[in-house]
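Grab a pencil and work through these short exercises. Try each task yourself before you read its solution.

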Amino acid sequence: MEQQSLYERLGGVNAIAMVVDSFSDAIVENPKLQKNPALKEWNESGQLAGLKFMRTLWICEVTGGPFTYTGKDMSKAHRHLHITSEEFDEVGAEIDRALDHFDVPEPEQQEVLAAIVARKEEVVNPSGTS
């Protein structure tokens, strides 16, 4: 029997989009993340719907789904936000809470979080240098 991809085990694009929608809204409301002026400004820019779409594409792709992420590379997309390691970890905690909320089994949660943590060095850039 062929092993299902993580994408399939998560429930496909609709399930992934619901998780992305949930954690994206939580990130915008999280007071720990609102302390970063660059993040706060971005969160107030009215671009969240597009970001949710791109996050959904990215997660679908990295989990083995039939979609291709077409956005900026992670370093470029996040450089101007001056994200600290602690802020990255807080975003991860919001993602974990969303996965819990939708009853995603622990093994799949860990695989999703591992894919995100694998990009930490590309995202964290507190000084904003290139």
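**Exercise 1.** Find out how the radius of gyration of the protein chain compares with that of a compact globule.

*Solution.* Keep in mind that this is a predicted model. Start with the chain length, which is 130 residues. The rule to use is 2.2 Å times the number of residues to the power 0.38. For this length, a compact globule would come out near 14 Å. The protein chain has 14 Å, so the two agree. For another view, take the principal axes: the C-alpha atoms fill a box of roughly 50 × 30 × 25 Å.

**Exercise 2.** Work out which elements make up the protein chain, and in what order.

*Solution.* First, count by type: you should get nine helices and zero strands. Next, read from the N terminus, and the pattern is α-α-α-α-α-α-α-α-α. Now look at the contacts with a separation of 6 or more: 72% of them join residues 24 or more positions apart. Finally, check burial, where "buried" means under 20% relative accessible area; 37% of the 130 residues pass that test.

**Exercise 3.** Describe the largest pocket and its lining.

*Solution.* Begin with the volume, about 840 Å³. Then list what lines this pocket: 31 residues, with L51, R55, M74, A77 and H78 closest to the centre. The elements giving two or more residues are α2 (12–29), α4 (37–43), α5 (48–62), α6 (74–78) and α7 (85–101). Of the lining, α5 supplies the largest share, six residues. Last, sort the lining by class: 21 nonpolar, six polar and four charged residues.

Note on methods: Residues numbered from 1 in each chain as written. Predicted model: local features only at pLDDT ≥ 70, side-chain atom pairs only at ≥ 80, totals over all residues. Heavy atoms only, no water. 1 Å grid on protein atoms, 1.4 Å probe; cavity = no way out; pocket = protein on both sides within 12 Å on 5 of 7 lines; lining within 4 Å. Points joined across faces, edges and corners; volume = space filled by probe spheres on them. Helix = DSSP H or I, 4+ residues; strand = E, 2+ residues; numbered from the N terminus. Nonpolar A, V, L, I, M, F, W, Y, C, P; charged D, E, K, R; others polar. Buried < 20%, exposed > 50% of the residue type's maximum accessible area, 1.4 Å probe, protein only. Contact = heavy atoms within 4.5 Å.
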